[in-house]
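Here are some worked exercises on side-chain contacts and backbone oddities. Try each task yourself before you read its solution.

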Amino acid sequence: MGILKDYPKLASVTEHLDTFLRRTHPEFFGKDAQRPFLELKPQKVIHDSIWGTFSFLWRELALLDTPLIQRLRDIHQIGLAYQVYPSARHSRLEHSLGVLVMASRIFDSLALKDRGHLRDSVKVVFGASQHPEGIFGDEEVTKRIEQLKEELRLAALLHDAGHSLHSHASERVFGKLTVLTEAAEELSDFGGKKKGAGEVLSFCFTLTPCLSEWLDRAGRRLLKEGHNPALAETVDMENVALMIIGRSKHPYLQFLGDIISSDIDADKLDYLLRDATFAGLPLRYDVDMYLYSAQVDRDIMEDGEGHLQKLYHSIGAKNVERQEPDDESKCPFYIADRLCLPKRAMHVLEQIVICKMMLFTYVYHHPKVRSAEGLLERLLEARVQRLRKQNKTEWEILEWFLRATDADLRLLAQDSGEDARLSRDAYRLVNRLLPREIFRLSASETSGAQKALLATFLKNIRDKDKGLSLIRRLEEQIGEELRKREPFRKMTWQEAGAEVGIWLDVPKAPKFEETQKVVSAGGTGDLVSAMFPVHAWQHAYTNYRSYARIYAYSEYLQMAKECARDAMKRIIGIEDEAFYRSAERSRS
């Protein structure tokens, strides 16, 4: 299957998604599909509350009209945050449109400032494959640049196509399905970057044959209406898919992947401002300075493990040369064009990082938001277990998530035929009967021996190898304490914990993996870390703003506190009652 010939798990997911779309939406994607029926417009204006009025092209409009994108209307951008911030009800569709707007504006800004550089890169990337002498005219170069821009815009529109109900909360559940964990490993290997289940689905949806057929059919409708044939010239959906995962078909086009997925990408520029605006938080960054300053800079992409070499071989990239280690790099590398900011725009990067950290503090990691999303995760995990007991395959379980939107939560709450606990938990979520925070754990809020013991525990539960098993041990101990009491004596520890709604929540700190690389040094060789201590800020966030919390339902509050305290004494090792009194949360 084209670029996936060496990646069987990704090819299998793409094939199943293609079958799913054809079977579920035959009017759009089936063998005898007739849509679109009516005349297509070459472009249409859409007004966005954040970015204002913007023009969308016919391919984008055609994709917008499909159920694949329309379902994003019914998926909240920041999950259940509206339980705390009532106006934060914006959707994944609004965000996807906003990312398209910002990606297009970034491209236009770069093309204007680096016109000659971009045209030279296009000649290298496309010239040899189109003309034996490796040269083509100005008109062909201009046409290729417009094609790249359109592919970039499509990538922006499709980048969140793989989301399910309440966004990332459900992804943390369906992402555990073996078919997706294996595909995510392949996609991480394919792109050389760590990728998750949502990105797997967006990437594979983009590569489905039925999506390309839909666009081809829409293009024929456009020509039938007598529009300029140049409008319907083909785009490379493989390059669109690569941009979604932060890559492109050539190192000289890597800046396109950076526009969609990097530490200063269009995705981040939209969600930071959109999430803050709809939550009612006064967070801003200087978008005009960003667009004025953003530039394409020649840089190296290290390839010590050979991921990029394998990628460029798989996609048949031309004129790509892998450099041997030298003074610049201790491992093989590629010369690439990267999206970056100059040092004079350092304050823009600072603003972006601060906005992200503030949103994590006030919205994404708000204790009630974490409570709601934790309850939803456990509800969905129970739903998955129920489907497994009904002998549903993993593909059938995945299809349930692909159909689901936020409205399905209310359906679960109203379904008397569902598992009683499932319906009860859904009812709680719909009516905001959320678990209460009963303990808050932070090493920065204690001292002495207790600080040392707690710091060790917190470090271990955040460790990618030890964390899950240690969290399970603590929850198991709490469940066993509950089983010593009525009415839980005949339950398993898992059933007792679910009945009381008790669990340990350990949120992950915001990540800034590539921030050190996105500021152009301007030839001085200065490191970003010397000017802007982002990793120190991240460390401080983890230690002073990120809390481990234990939750439980209000009706079991006192019993839950006693059982959690007894369990923590054994697992954490702290016996001082004063520590637990200070960590205990109560309404003030």
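**Cysteines, charges and rings**

The structure holds 0 disulfides. Keep in mind that this is a predicted model.

**Exercise 1.** Classify C331 and C355 as buried or exposed.

*Solution.* Start with the cut-off: buried means under 20% relative accessible area. C331 comes out at 17%, so it counts as buried. C355 has 4%, so it counts as buried too.

**Exercise 2.** Find the salt-bridge partner of R172, then work out where the two residues sit and how accessible they are.

*Solution.* Step one is the pair: R172 meets E373 through their side chains, at 3.1 Å from N to O. Step two is location: R172 belongs to helix 8 (residues 168-174) and E373 to helix 18 (residues 367-389), so under the helix assignment the bridge links distant parts of the chain, 201 residues apart. Step three is accessibility. R172 is partly exposed because its relative accessibility is 34%, whereas E373 is buried because it reaches 10%.

**Exercise 3.** Do the same for R370: which residue does it bridge to, and is the pair buried or exposed?

*Solution.* The partner is D505, with the closest N and O atoms 2.6 Å apart. This pair also links distant parts of the chain: R370 is in helix 18 and D505 in strand 6 (residues 503-505), 135 residues apart. As for accessibility, both R370 and D505 are buried.

**Exercise 4.** Check the bridge between R483 and E480, then look for a network and a total count.

*Solution.* First, the closest N and O atoms of R483 and E480 are 2.9 Å apart. Next, R483 has 30% relative accessibility and is therefore partly exposed; E480, at 26%, is partly exposed as well. Now for the network: R421, R424, D425 and E499 are joined into one by salt bridges that share partners. With N-to-O contacts within 4 Å as the rule, the count comes to 43 salt bridges.

**Exercise 5.** How many aromatic pairs are there, and what kind of pair do F28 and F29 make?

*Solution.* Searching the whole structure gives 13 aromatic pairs. For F28 and F29, the centres are 6.2 Å apart and the planes make an angle of 40°, which is a tilted pair. F28 and F29 are both buried. Elsewhere, ring pairs gather Y7, F190 and F203 into a cluster.

**Exercise 6.** Which arginines lie over the faces of Y82 and Y547?

*Solution.* Take Y82: R89 lies over its face, 4.3 Å from the ring centre. For Y547, the residue over the face is R440, at 4.2 Å from the ring centre.

**Exercise 7.** Locate the cis peptide bonds that lead into P36 and P487.

*Solution.* R35 and P36 are joined by a cis bond with omega of about 0°, and P36 lies in the loop between helix 2 (26-29) and strand 1 (43-48). A cis bond also joins E486 and P487, with omega of about 5°. P487 is in the loop between helix 23 (467-482) and helix 24 (493-500).

**Exercise 8.** H166 and R432 both have positive phi. Where are they, and are they buried or exposed?

*Solution.* H166, not a glycine, has phi of about 55° and lies in the loop between helix 7 (138-158) and helix 8. Its relative accessible area is 1%, so H166 is buried. R432 has phi near 55° and is found in the loop between helix 21 (420-430) and strand 5 (436-441). With a relative accessible area of 40%, R432 is partly exposed.

Terms used: Residues numbered from 1 in each chain as written. Predicted model: local features only at pLDDT ≥ 70, side-chain atom pairs only at ≥ 80, totals over all residues. Heavy atoms only, no water. Helix = DSSP H or I, 4+ residues; strand = E, 2+ residues; numbered from the N terminus. Buried < 20%, exposed > 50% of the residue type's maximum accessible area, 1.4 Å probe, protein only. Phe/Tyr/Trp six-rings, centres within 6.5 Å; stacked < 30°, edge-to-face > 60°. Lys NZ or Arg CZ within 6 Å of the ring centre and 35° of its normal. Disulfide = S-S within 2.5 Å.
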